[in-house]
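Grab a pencil and work through these exercises at your own pace. Try each task before you read its solution.

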Amino acid sequence: MLRKDMHEDNRRSWNAATDAHNSHKADQAAFFRAGGSTLYPDEIELLGDLKGKTLVHLQCNSGQDTLSIARLGATVTGVDISDSAISFAQQLSEDTGIAGQFIRSDVYDWFEQAAKQGKKFDVVLSSYGAIIWLSDIGVWAKGVASILKPGGKVVVLDFHPYPMIFGWDWKPEFSYFDGQKGQHFENGVGDYVAIAGEALTPSGYVEGTKDFINPHPGHEFNWSISEIITALVQAGLALKVFKEYPYFNGAKLFNDMREGEGNRYYPPDNMPSLPLMYGIVAEKDKGLGGGTMSMSRSFQWQLCE
Ligand SMILES: C[S@@+](CC[C@H](N)C(=O)[O-])C[C@H]1O[C@@H](n2cnc3c(N)ncnc32)[C@H](O)[C@@H]1O
């Protein structure tokens with residue numbers, strides 16, 4: 001069930017958090033002008049060749065990844081509910097000269113608008129902490145399918161819902177199966193950029209906002225992997241790739257995470273490996289423009305080492 005009231009809380013919470021997060025990032029326009037990119041090899045692999053393609057980045061926050069993707073040859077649109085995030089993204093696009101259209105909207109409202117305007121994209125991307133803010137995964141998946149061109153694909157690369165059962169100190173605290181019910185926090189999005197430091201600030205870390213406590217509540221919906229995949233398949237998309245990764249890119253979401261090569265973070269040494277991120281590629285049918293309800297034969301289940 002869609003919870004627009006909770007999305008509004010999340011909008012206020014993300015406005016406050018986005019200002020805090022960006023306060024820690026040194027001159028981002030200079031970073032991009034010097035050729036910088038905030039992308040990781042994992043999303044680049046799933047996205048494939050983007051030259052000449054249209055791509056919409058759902059829940060793009062301040063547009064750093066969206067503009068990095070534009071550099072790969074796509075014509076990009078970013079959509080996000082946060083006013084601060086979208087004005088930051090628009091400014092960054094202007095300051096760097098990297099073209100991108102940025103739209104402030106609840107993603108569910110935007111799906112309806114885009115459908116009315118007949119907008120269709122080659123690629124839809126949802127990445128890094130996006131799915132957990134969606135109060136109805138089924139409506140979201142249908143929205144995604146509605147804005148894909150025939151033969152177009154959705155790429156999801158996100159934090160795995162399994163480790164989200166843990167608290168900061170790796171003790172199991174939250175149910176894996178509460179996607180619909182959600183988890184509700186008095187002080188919404190925290191300053192995880194300050195905690196991650198240089199791992200999340202490729203343009204350089206500056207102290208910025210200190211001791212940030214979000215004054216707005218936040219609501220998270222930790223959909224399980226099966227709920228996410230089922231929603232996409234039931235929306236008529238054919239699953240092509242499903243991958244699990246034993247690391248977080250650039251994020252120290254829990255205590256004592258071990259840093260590996262390429263800005264990847266693993267559980268502490270005394271813990272076994274866990275799925276920390278997942279990647280999905282699902283395609284819309286080429287011919288009918290609708291798709292089938294079945295999983296594709298080339299569906300791959302891979303564990304990345
Ligand atoms: C962790 S960030 C995603 C980061 C992003 N992938 C990037 O490239 O930086 C989550 C984003 O989801 C946005 N968001 C949360 N609920 C939303 C909704 N209902 N509609 C649109 N955006 C939403 C937040 O404003 C926030 O910017």
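**Exercise 1. The ligand and its polar partners**

Task: In this predicted model, which distance separates an oxygen atom of the ligand from an N or O atom in the side chain of D80?

Solution:
- Start with D80: an N or O atom of its side chain sits 2.6 Å from a ligand oxygen. A polar contact needs a pair of N or O atoms within 3.5 Å, so this pair fits.
- Now try N61. One of its polar side-chain atoms is 2.8 Å from an oxygen atom of the ligand.
- Then look at I81, where the backbone does the job: a polar backbone atom is 3.1 Å from a nitrogen atom of the ligand.
- Next, check the cover. On its own the ligand has 610 Å² of accessible area, and the protein covers 94% of that.
- Finally, step back to the whole shell. There are 18 residues around the ligand, and N61, D80, I81, V107 and S127 come nearest. The shell splits into seven nonpolar, eight polar and three charged residues.

**Exercise 2. A little sheet**

Task: Why is one side of β9 and of β10 left without a neighbour in the sheet?

Solution:
- First, write down the strand order: β9-β11-β10, in an open sheet of three strands with antiparallel pairing.
- Now look at the ends. β9 (248-249) and β10 (258-260) are at the edges with a single partner strand each, so one side of each has no neighbour in the sheet.
- Recall what holds such neighbours together: strands of a sheet pair through backbone hydrogen bonds.
- Zoom in on one pairing. β10 and β11 (residues 264-266) run antiparallel and are joined by three bridges. One to find on screen is the bridge between G260 and R264, the latter in β11.

**Exercise 3. Two helices and what covers them**

Task: Which residues of α9 (residues 225-234) are buried, and what covers them?

Solution:
- List the buried residues of α9: I225, I228, I229, A231, L232 and V233.
- Use a rule about helices: with 3.6 residues a turn, residues three or four places apart point the same way. Look for that pattern in your list.
- Find the cover, which includes α7 (137-146), β5 (148-159), β8 (238-245) and β12 (277-283).
- Swap to α7, where I137, W140, A141, G143, V144 and A145 are buried. The cover here includes β1 (54-58), α6 (107-116), β4 (121-127), β5 and α9.
- Check the helix ends too. At the N-terminal end of α7, D136 acts as a cap, with a side-chain oxygen 3.0 Å from the backbone nitrogen of G138. Just after α9, G236 takes a positive phi of about 95 degrees.

**Exercise 4. Buried or exposed?**

Task: Are Q59, D256, T201 and R3 buried, exposed or partly exposed?

Solution:
- Keep the cut-offs handy: under 20% relative accessible area is buried, over 50% is exposed, and in between is partly exposed.
- Q59 is in the loop between β1 and α4 (64-70). Its value is 18%, so Q59 is buried. Its phi is positive, about 55 degrees, although Q59 is not a glycine.
- D256 is in the loop between β9 and β10. At 57%, D256 is exposed. It isn't a glycine either, yet its phi is positive, about 60 degrees.
- T201 is in the loop between α8 (192-196) and β7 (218-220). With just 3%, T201 is buried. Beyond its neighbours within four places in sequence, T201 is in contact with H24, K25 and V193.
- R3 lies in the segment before α1 (4-23). At 27%, R3 is partly exposed.

Key: Residues numbered from 1 in each chain as written. Predicted model: local features only at pLDDT ≥ 70, side-chain atom pairs only at ≥ 80, totals over all residues. Heavy atoms only, no water. Near = heavy atom within 4 Å. Polar contact = N/O pair within 3.5 Å; in protein donor to acceptor, adjacent residues only side chain to side chain. Areas by Shrake-Rupley, 256 points an atom, 1.4 Å probe, with all protein chains shown as cover. Nonpolar A, V, L, I, M, F, W, Y, C, P; charged D, E, K, R; others polar. Pairing = 2+ DSSP bridges. Helix = DSSP H or I, 4+ residues; strand = E, 2+ residues; numbered from the N terminus. Buried < 20%, exposed > 50% of the residue type's maximum accessible area, 1.4 Å probe, protein only. Contact = heavy atoms within 4.5 Å.
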